[in-house]
Amino acid sequence: MKERILQLTGIQAFLAPWISVIKGEEVQKNVQALLKSYIYPLLSILLFIGIWHAGATYLFNKEATAKIEKARTERGEAGALEMQNCIISGDVSCQPNTLPSPAKVWDAYLSLLADHKIISAKKDAFELKVAKTNEKRIAKGQDPITYTGRPSFVDQIKTSLKTVFAGFLLAAFIAIPIGIIIGLSTTLRTSFNWLIQILKPVSPVVWLLLVFMIVKTVMSDSDMDKSFMISFISVGLCSMWATLVNTSMGVSTVDKDFVNVAKVLKLSIGQNIFKVVLPSSLPMIFTGLRITLSVAWMVLIAIELLAQSPGLGSFVWEEFQNGASDSNAKIIVAMFVIGMIGFMLDRIMMVVQKMMSFNK
Amino acid sequence: MAYLELKNVSKSYGTGKDRVEVLKDINLTIEEGEFVAIVGFTGSGKTTLINLINGLEFPDEGEVLLQGKPITGPGPDRGVVFQNYSLLPWLTVAQNIKLAIDEVYPSAPKKEKQEMIEKYVGMVHLSHAIDKLPSELSGGMRQRVSVARALAMNPKMLLMDEPLSALDALTRGTLQEEIVNIWGEDRKTCLLITNDVDEGIVMADRIIPLNPGPKATLGPNFKVDLARPRVIAEINKNDVYKHLRNEILEYLIDVGASRSGQKTAQYELPDLKPVMPGRIKWGFRKKKEKLQYF
């Protein structure tokens, strides 16, 4: 099992050259493989950072010159000199606001981590403080007091992951059963095709508004977290189409041989679905789920940004509105974090998908 | 009364211009306990014929009668061995056979079902591979599982659609023998579809050639009067065998030739000459200079 997971994730192939070089097998060939799988990707990352740095420096200089020129026209030569000194000294008040350099982004990343440590320390302290009161409150049947301070960056990531999984599960629970039912009957498939084709390309923003309209009315008197509900339902609705289409496709294109076997053995409908149709369409269903998860993650950021529900999307938007000296750098940190989490989710789904497929 | 009877059966696919008449006026009677082989070229409509009998398809004209009653669909009284095994790749050998047993004896206790599975797997000599997936088996082993699955329904009739055509000659020989032995135990009615005349002679009581389609019809009956068990190495020298084999082959070659003779059309090839590429000269071309050819 452990070996199979290593193999499916690609970790085994990733580590294989190292192991061979250390063992001394076919050194020349494996050193070449090492070059290919480690050195060249590393070089490309360095190249990327180099170009980024050069571009950021150019933009910084351009913005700085513009600022100095502006000061010169407004306040004369003395103002220009003052501005120049201010920029060189690195004072926060007069830094040009533009694309941050890689170094600044790294600093912002470290400051976000430090911020997280401070906030979680505060949280722990708070929980210690209210522990006794909470016990009494629970004994009385009241809700315990929770920490309501500013969430840290890591908390935002957790909220986003929670939302995306809730949305993903919703999508799976809606799309897979409907997909199976639609796939089994040509009549249903042709009669619902128009609906699927029309709803599939609808933008996430529109879904969000639609969900907002409904949830606002349905939950007008409940005290559940409305913004969370809205965002995860919209994520689910946006992303479920890939699974729906793939499931119905997989179910409707079961190999003709298997269909004949089911007919000749006179399988009952339940047996037919669980023993023949579902297993043979599982690979397709999981391909659909993989697409659904990546779409859900992509859409989530936009939806959080609009729905004002906590998470990475609102983090990005708040930082943009904030306009502090390191806001831009924090946005870029968020960008990389979003990308890497998306990559990880996709990898996980890929492993699950490979484990589910069978060899004929 | 004949066990299985086909009366003036015709079957066609498609509509309008694309309509292809596959079978035309097929008449066939099979008695109970008989082993009949139908031999024909690929594409002559053999699979269509067997699908009509197992109930996956229905005739356009005529009727297919099983014990005097028209066939309305697949049933457990007819076990089918498919050409490409058609095992479910996500189920083990035992689970594949269990599917068939579950349908025929839905209320049997678990232990009894397990015993039945073991019995049928043992019948095709696969007891060592009972918990393997089809992808872990060789072609011959897969076809054995397919045979066991068909037998597990305890059918009155066994339909085999080119069961051995994907196997190598040696495996084929042993499987032929095994199928005939299993048949010999309780003399089920058997219909074998094949493209191999020898296979038909070794296994069947009666051989019927299927004239190549479209509009395929059945040829004359050839009775196989050879004592069982027939071992291919021994009957190779038998005069009756040689005579019968030649007779059937000659018949098939004759009808094959007459069919292909009808189709030969003359195609007029267009009178074209290849275009020669011009020479490429770099630089500016002078005016009025013609292209030079080789």
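How do strand S4 (residues 61–66) and S5 of chain B pair, and over how many bridges? In this predicted model, S4(B) and S5(B) are paired in the antiparallel sense, over two bridges. Within that pairing, B:Leu65 has B:Pro70 of S5(B) as its bridge partner.

## Sheets of chain B

The pair belongs to an open sheet of four strands, ordered S2-S1-S4-S5 (chain B), with antiparallel pairing. Strand S2 (20–30) and strand S5 (69–70) of chain B are its edge strands, and each of them pairs on one side only.

Another open sheet in chain B has six strands in the order S6-S7-S8-S3-S9-S10, and its pairing is mixed. Its edges are S6 and strand S10 (222–223) of chain B; each has a single partner strand, so one side of each lacks a neighbour in the sheet. S6(B) runs parallel to strand S7 (residues 157–161) of chain B, and four bridges join the two. One residue pair there is B:Gly79 with its bridge partner B:Leu158 in S7(B). Helix H1 (residues 46–54) of chain B packs on this sheet, where it touches strand S3 (35–40), S6, S7, S8 and strand S9 (206–210) of chain B. The direction of H1(B) makes about 155 degrees with that of S7(B).

## Two loop residues with positive phi

Chain B has two residues to note for their backbone angle. Neither B:Ser86 nor B:Arg187 is a glycine, yet phi is positive in B:Ser86 and in B:Arg187. The table sets out their values and places.

| Residue | Phi | Loop in chain B | C-beta neighbours within 10 Å |
|---|---|---|---|
| B:Ser86 | near 50 degrees | between strand S6 (78–81) and helix H2 (93–104) | 23 |
| B:Arg187 | about 50 degrees | between helix H5 (169–186) and strand S8 (189–194) | 11 |

Which of these residues is buried, and which is exposed? B:Ser86 counts as buried because it has 23 C-beta neighbours inside 10 Å, and the cut-off for buried is 20 or more. B:Arg187 is exposed because 11 other C-beta atoms lie within 10 Å, where 12 or fewer is the limit for exposed.

## Nonpolar cores

The largest nonpolar core contains 83 residues. B:Val36, B:Ile97, B:Val121, B:Ala148, B:Leu191 and B:Ile207 have the most contacts inside it. Helix H4 (residues 139–152) of chain B gives the largest share of this core, seven residues. Leaving aside residues up to four places away in sequence, B:Val36 touches B:Ile30, B:Cys190, B:Leu191, B:Ala204, B:Asp205, B:Arg206 and B:Ile208. A second, separate core has 47 residues, including A:Phe168, A:Met229, A:Ala242 and A:Ile285.

## A helix pair in chain A

Two packed helices are described by the angle between their axes and the distance between the axes. In chain A, the axes of helix H5 (residues 153–184) and helix H6 (residues 186–199) come within 5 Å and cross at roughly 120 degrees. This crossing makes H5(A) oblique to H6(A). On the H5(A) side the contact is made by A:Ile181, A:Ile182 and A:Gly183, and on the H6(A) side by A:Leu188, A:Arg189 and A:Phe192. By type, the residues of this contact are four nonpolar, one polar and one charged.

## Where the chains meet

How many residues of chain B are in contact with chain A? There are 16, and they are in contact with 15 residues of chain A. H2(B) supplies three residues, the largest share of the side of chain B that touches chain A. That side divides into ten nonpolar residues, five polar and one charged.

Terms used:
Residues are numbered from 1 along each chain as its sequence is written. Chains are lettered from A and ligands numbered from 1 in the order in which they are written. This is a predicted model: local features need pLDDT of at least 70, side-chain atom pairs count only at pLDDT 80 or more; totals for chains, interfaces and linings use all residues. Axes are lines fitted to C-alpha atoms, for helices over the stretch in contact, and angles run from 0 to 180 degrees between N-to-C directions. Angles under 35 degrees count as roughly parallel, over 145 as roughly antiparallel, 65 to 115 as roughly perpendicular and the rest as oblique. Two residues are in contact if their C-beta atoms, placed from the backbone, lie within 7 Å. Ala, Val, Leu, Ile, Met, Phe, Trp, Tyr, Cys and Pro count as nonpolar, Asp, Glu, Lys and Arg as charged, and the others, Gly among them, as polar. Two strands pair if DSSP finds at least two bridges between them. A nonpolar core is a set of buried Ala, Val, Leu, Ile, Met, Phe, Trp, Tyr and Cys residues joined through C-beta atoms within 7 Å.
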